[in-house]
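Please load the model in a viewer and keep the selection panel at hand. The stops below are given in the order in which they may be selected.

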Amino acid sequence: MPRRPGLSVRLRLTLSYAGFLAVAGALLLAVVWGYLLRYVPDNPQGLLGISPNRWLLVRTFFPAAAVAMAFLLVFGLVGGWFLAGRMLAPLDRITAAARTAGSGSLSHRIRLEGRRDEFRELADAFDTMLGRLESHVAEERRFAANASHELRTPLAISQTLLDVAREDPTRDRDQLIERLQVVNRRAIDLTEALLLLSRSDRGTFAREGVDLSLVAEEAAETLLPLAERRGIALDVTGGAARVGGSAELLLRMMTNLVQNAVVHNLPTGGTVTVHTEERDGAGVVRVENTGPVLAPELVPTLTEPFQRGTERARTDEHAGAGLGLALVHSVVRAHAGTLELAARPAGGLLVTVTLPTDTR
């Protein structure tokens, strides 16, 4: 918003320093006048019959006092201007960094030297904010690029199928419709996942008491046919773990965890274990599965959107959208919880989600 020009902070501080020094000098002179000159008799003989008298002292004292006051004022203005400049120098660097960030460059850092004070704390907080903002913007750009690619793929496939059908009218229409339904379902699933991811990131949902053990059982029941088709043993253990949050989002989180554990498993004879419990005032769910050995440096990247196992989503190695653990991470973050991923030495992944308990 437009603002009218005003005095700079440096000038205002300078005037404040000079005014304070002038007031202090005036008070000192008033004290001298009040406690010294008033004891000098106001008569021609002066004190003890010896000159000077009060009139003569006043005539001598006030010119000198005026010179002293003028010196204090000039000294306060010059010294205050210098001190204010020294004090506000870190603020100029912070302002320059803010303008640089406003122009779109987020790689700049202030890195203010010296011991900790208010300006250093502000500069450090600003550097931390820039680092997180830079990371968030980079993540959003990667997300947008991959989302565009993923959404474009089913549309391109649909267009190719339609072009083939138009050029070859004798082609089996039932097969064409079935393939179009599969492609369309994938596009719908991806769009719904993106919308759910956006909703959980905003945190715009009603909170209620949710038992993670019941959510885990519902997710396991839903995915049991998939596990059986793949020869995966799915087991739910543990007890009640009541947390506060959105039942819909927590069910989607649990479903994604279990589905990810089933899909990224051994070809046959694998296992998936879901365990829920309350620990240290928090609801905990652990999802552990067998599977291929994962490199330790790969594990932190699994929560990035469109990341699958050891490859990006665009390899189309699996039918999913590559948003499983990204959605889990977003839902956990929206519920003020923590998500921990650990590669199992024998292969597979251990996912631990910790959420605050429902205190209502």
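The tour visits a pair of helices and then two loop residues.

This is a predicted model, in which local features need pLDDT of at least 70 and side-chain atom pairs count only at pLDDT 80 or more, while totals for chains, interfaces and linings use all residues. Residues are numbered from 1 along each chain as its sequence is written, and side-chain values use heavy atoms, with hydrogens and water left out.

Select residues 247-263 and 324-334, which are helix 6 and helix 7 (helices are DSSP runs of H or I with at least four residues, strands runs of E with at least two, numbered from the N terminus). Their axes lie 9 Å apart at an angle of about 145 degrees (axes are lines fitted to C-alpha atoms over the stretch in contact, and angles run from 0 to 180 degrees between N-to-C directions).

Next, display the side chains in contact (heavy atoms within 4.5 Å). Helix 6 contributes residues including Leu-249, Met-253 and Leu-257, and helix 7 residues including Leu-325, Val-328 and Val-332. By class, this contact has nine nonpolar, three polar and one charged residues (Ala, Val, Leu, Ile, Met, Phe, Trp, Tyr, Cys and Pro count as nonpolar, Asp, Glu, Lys and Arg as charged, and the others, Gly among them, as polar).

Move to Arg-111, in the loop between helix 2 (54-102) and helix 3 (118-167). Arg-111 is not a glycine, yet has a positive phi of about 50 degrees. Arg-111 is exposed, at a relative accessible area of 60% (exposed means over 50%, with a 1.4 Å probe and protein chains only).

Finally, select Asp-280, between strand 4 (271-279) and strand 5 (282-289). Asp-280, also not a glycine, has a positive phi of about 55 degrees, and is exposed with a relative accessible area of 77%.

How values were computed: Buried means under 20% relative accessible area, exposed over 50%, partly exposed in between (1.4 Å probe, protein chains only).
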